[in-house]
Amino acid sequence: MKSQRFQYKRLGLLLALSTGLSCVSLGLPLQRALANGWILYQEGNLQPLVGTHTFAGTAGQTVAIALRTDGFSGAVVLIAPNGDEVARNEYYGRTSGPMIVTTLPTSGAYKILAQSPYGQAGTYTVNVRIATAYDLAFSRGVQLNQEGDYAGAIAAFNEAIRADPQSPEAYVELGNLLYDDARRLKPEEARSIVSAYERAAAAYERQGNQEMVQMLRDLIVVVQAEVSPIPSGAFPGGGVR
């Protein structure tokens, strides 16, 4: 795992002082700009803050690349040895930071770009590991949810829970998904929303993350008020549906 702090780099500066104009045209020729009274006219290139990291990959490896940021939104991009973009992710799930789960197409030096798309500075960590059964199932659940296959996503998150019952993120994602789908659930099915959040809160409590524990407990109160009846109970068979 590597930890780094984004530092602002001088990528270019566009400074315009006008005596009568209120807008700037970057394509304006310098001579015309000076004739119109500009004191300074320069072109620059502003880009998101980027941290670059490399690792040696082997063709056929299925890896999980995770970016965790402290207080700002991040994005992660994977570049192949030949310079092609393999994958990118700015929003992995509601509870976890950006993550890429992919099979490497070739052997060689891969580049990871840890980005701050909105120009925010702060600390972050990036890590690469061989993808676990949990990573594969969780990633599939996120993808299916984005594609609108809610039944498939529910099954995938349940698979992730069975692969790693101690990881809270899959419980939260499952609860969120069920909550979004609650109007179509039968009352006896709706109880699984609270059960999922309860399991997630317990897992976060074991990790010492009291902020997430409190957030989930508050969410349980809201869910119980909005979707009725939702009796709190045991998580059925380790999963739902």
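This briefing describes the fold, the sheet, the aromatic pairs and the buried cores of one protein chain. The model is predicted. The chain contains six helices and eight strands, and 41% of its 241 residues count as buried. Among contacts with a separation of 6 or more, 71% are between residues 24 or more positions apart.

**Overall arrangement**

- Read from the N terminus, the order of elements is β-α-β-β-β-β-β-β-β-α-α-α-α-α.
- The largest nonpolar core has 28 residues, and Phe138, Phe157 and Leu216 have the most contacts inside it.
- At least two residues of this core come from each of α2, α3, α4, α5 (187-207) and α6 (210-226).
- A second core, separate from that one, has 16 residues, including Ile65, Ala87, Leu104 and Tyr124.
- As a general background, nonpolar side chains in soluble globular proteins tend to be buried together.

**The four-stranded sheet**

- Four strands form an open sheet in the order β2-β7-β4-β5, and their pairing is antiparallel.
- The edge positions are held by β2 (49-57) and β5 (85-89); each has a single partner strand, so one side of each lacks a neighbour in the sheet.
- On average, neighbouring strands of this sheet are turned by 20 degrees against each other, direction ignored.
- Nine bridges pair β2 with β7 in the antiparallel sense, and Ala56 has Ala109 in β7 as its bridge partner.
- Strand β4 (residues 75-79) runs antiparallel to β5 and is joined to it by four bridges; Val76 has Asn89 in β5 as its bridge partner.

**Side chains along strand β2**

- In a regular strand, side chains alternate between the two faces of the sheet.
- Strand β2 shows such an alternation: Leu49, Gly51, His53, Phe55 and Gly57 point to one face and are buried.
- Val50, Thr52, Thr54 and Ala56 point to the other face of β2 and are not buried.

**Thr102 in strand β6**

- Thr102 lies in strand β6, which covers residues 99-103.
- The relative accessible area of Thr102 is 16%, below the 20% cut-off, and Thr102 therefore counts as buried.
- Leaving aside residues up to four places away in sequence, Thr102 touches Gln61, Thr62, Val63, Leu78 and Val86.

**Aromatic pairs**

- Three aromatic pairs are found in a search of the whole structure.
- One of them is the stacked pair of Phe55 and Tyr110, with 5.6 Å from centre to centre and 20 degrees between the planes.
- This pair connects distant parts of the chain, since Phe55 is in strand β2 and Tyr110 is in strand β7 (residues 108-116), 55 residues apart.
- Phe55 and Tyr110 are both buried.
- Phe138 and Phe157 form an edge-to-face pair, with 5.4 Å from centre to centre and 65 degrees between the planes.
- That pair also links distant parts of the chain: Phe138 belongs to helix α2 (residues 133-147) and Phe157 to helix α3 (residues 150-163), 19 residues apart.
- Both Phe138 and Phe157 are buried, and together with Tyr134 they form one aromatic cluster.

**Helix α2**

- The 15 residues of α2 should span 21 Å at 1.5 Å a residue, and the end C-alpha atoms are 21 Å apart, which agrees.
- The buried residues of α2 are Tyr134, Asp135, Ala137, Phe138, Ser139, Gly141, Val142, Leu144 and Asn145.
- These buried residues pack against β3 (62-69), β6, β8 (123-130), α3 and α4 (168-180).
- Gly148, just after α2, takes a positive phi of about 90 degrees.

**Helix α3**

- Helix α3 has 14 residues and reaches 20 Å from its first C-alpha to its last, close to the 20 Å expected at 1.5 Å a residue.
- Gly152, Ala153, Ile154, Ala156, Phe157, Asn158, Ala160 and Ile161 are buried in α3.
- The buried residues of α3 pack against α2 and α4.

Notes:
Residues are numbered from 1 along each chain as its sequence is written. This is a predicted model: local features need pLDDT of at least 70, side-chain atom pairs count only at pLDDT 80 or more; totals for chains, interfaces and linings use all residues. Side-chain values use heavy atoms; hydrogens and water are left out. Buried means under 20% relative accessible area, exposed over 50%, partly exposed in between (1.4 Å probe, protein chains only). Contact means heavy atoms within 4.5 Å. Two strands pair if DSSP finds at least two bridges between them. Axes are lines fitted to C-alpha atoms, for helices over the stretch in contact, and angles run from 0 to 180 degrees between N-to-C directions. Rings of Phe, Tyr and Trp (its six-membered ring) pair if their centres lie within 6.5 Å; planes under 30 degrees apart count as stacked, over 60 as edge-to-face and the rest as tilted. The expected span of a helix is 1.5 Å times one less than its number of residues. A nonpolar core is a set of buried Ala, Val, Leu, Ile, Met, Phe, Trp, Tyr and Cys residues joined through side-chain atoms within 4.5 Å.
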